[in-house]
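Student: I am new to this structure. Could we go through its terms and the values behind them?

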Amino acid sequence: MTTDTGAELQRDHAGRLRHLLTLEGLSRDELTHLLDLAQFYVRVPGEVPARDQGLWGRTVANLFFEPSTRTRVSFELAAKRLGADVVNLDMQSSSRVKGETVLDTIYTLQAMLVDVFVMRDAEPGLPAYVAAHVAPHVSVVNAGEAHVSHPTQGLLDVLTIRQRKGDLGNLSVAIVGDLSHSRVARSTGRALLTLGVGDLRLVSPPSLMLEPHALAGASRHHSLAEGIKGADVVMTLRIQHERMSAEDKLDAAAFYREWGLSAENLKHARPDAIVMHPGPMNRGVEITSDVADGPHSVIRQQVTNGVAVRMAVLSTIVRNVQERNVEAGRRAV
Ligand code: NCD
């Protein structure tokens, strides 16, 4: 499996985040700063959304080569609420076969003064590849890279846990289901470990577990009841059929019988446990409707937090690029 790349590439010469390609290499302070800024932008449904002019005059392009509803829309709303112009390109129908074709698209948009590319792709490596080729004032944000990483989802997940449960150091968090194909498990797990979560558990059938060295420090469990026992947070994941080969395809009914999160088996977790899911959900496969819509669920709060986190990320990288430009300008005079 391809490992996460981009930890070095995402920083400028002074160490500032210029792109967000991965949560690997971000310090506890950097993560906390992004979460605090996101919290500043959080508004609940019914309130007027937070607005800011941090991206005024800037242009953000959303390039999604894989389907997306909440991530794409939340990046669009985040950019607009920061005052940016936004263009959405439906790349799923594009005839891309090689990286060069994508670069042509990138250079075309860059010539139209796009400042930030938000990218999702089924192949590993595209966000870093594009980041290595864009002009110095242009940023790339990874909105989901194959099975490898999904940094803004990791941030919104830990923000949701922090809001509901406070200090991560005292918490047991179980991530359950199709871990091997999940960029969410990798990014959320990384953020939790960097922030010092008390106990991180990876819970899945052996065939869907993460590769051996991933998320070192987490414990591994092959029984749902044992894995979520006494957990404060249970995060379940979609089965990613689109990343499985024909012979690996799972029987959804059999998976549900052993791994579906129902009100009955949620009793193994703490009575005040929260239930999370990044969406889109397969109701009746990895989670039942009564749990997804029930009192433990914070799934809609995750979605609300997604916009705030993306505002925090966009405003941080654009501000960092502006700082760098000011410094470069000073050196030039
Ligand atoms: C996830 C993704 O695309 O990685 N969804 C999301 O971004 N909210 C999870 C999934 O597709 O199952």
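Student: What makes domain 1 and domain 2 the domains of the protein?
Tutor: The assignment gives domain 1 (7-150 + 303-332) and domain 2 (151-298); such bounds come from an automatic or database domain assignment. This is a predicted model, where local features need pLDDT of at least 70 and side-chain atom pairs count only at pLDDT 80 or more, while totals for chains, interfaces and linings use all residues. Residues are numbered from 1 along each chain as its sequence is written, and side-chain values use heavy atoms, leaving out hydrogens and water.

Student: How many residues of each domain take part in the contact?
Tutor: Domain 1 gives 36 residues and domain 2 gives 27 residues, where contact means heavy atoms within 4.5 Å.

Student: What is the buried area between domain 1 and domain 2?
Tutor: About 2500 Å², with 59% of it on carbon and sulfur atoms. Buried area is the accessible area (1.4 Å probe) that two parts lose on being put together, summed over both.

Student: Why does the R238 pair with the ligand count as a polar contact?
Tutor: A polar side-chain atom of R238 lies 2.6 Å from a ligand oxygen atom. A polar contact is a pair of N or O atoms within 3.5 Å (within protein, one must be able to donate a hydrogen and the other to accept it, and residues adjacent in sequence count only if both atoms are side-chain atoms), so the R238 pair qualifies. A backbone N or O atom of P278 also lies 2.9 Å from a nitrogen atom of the ligand.
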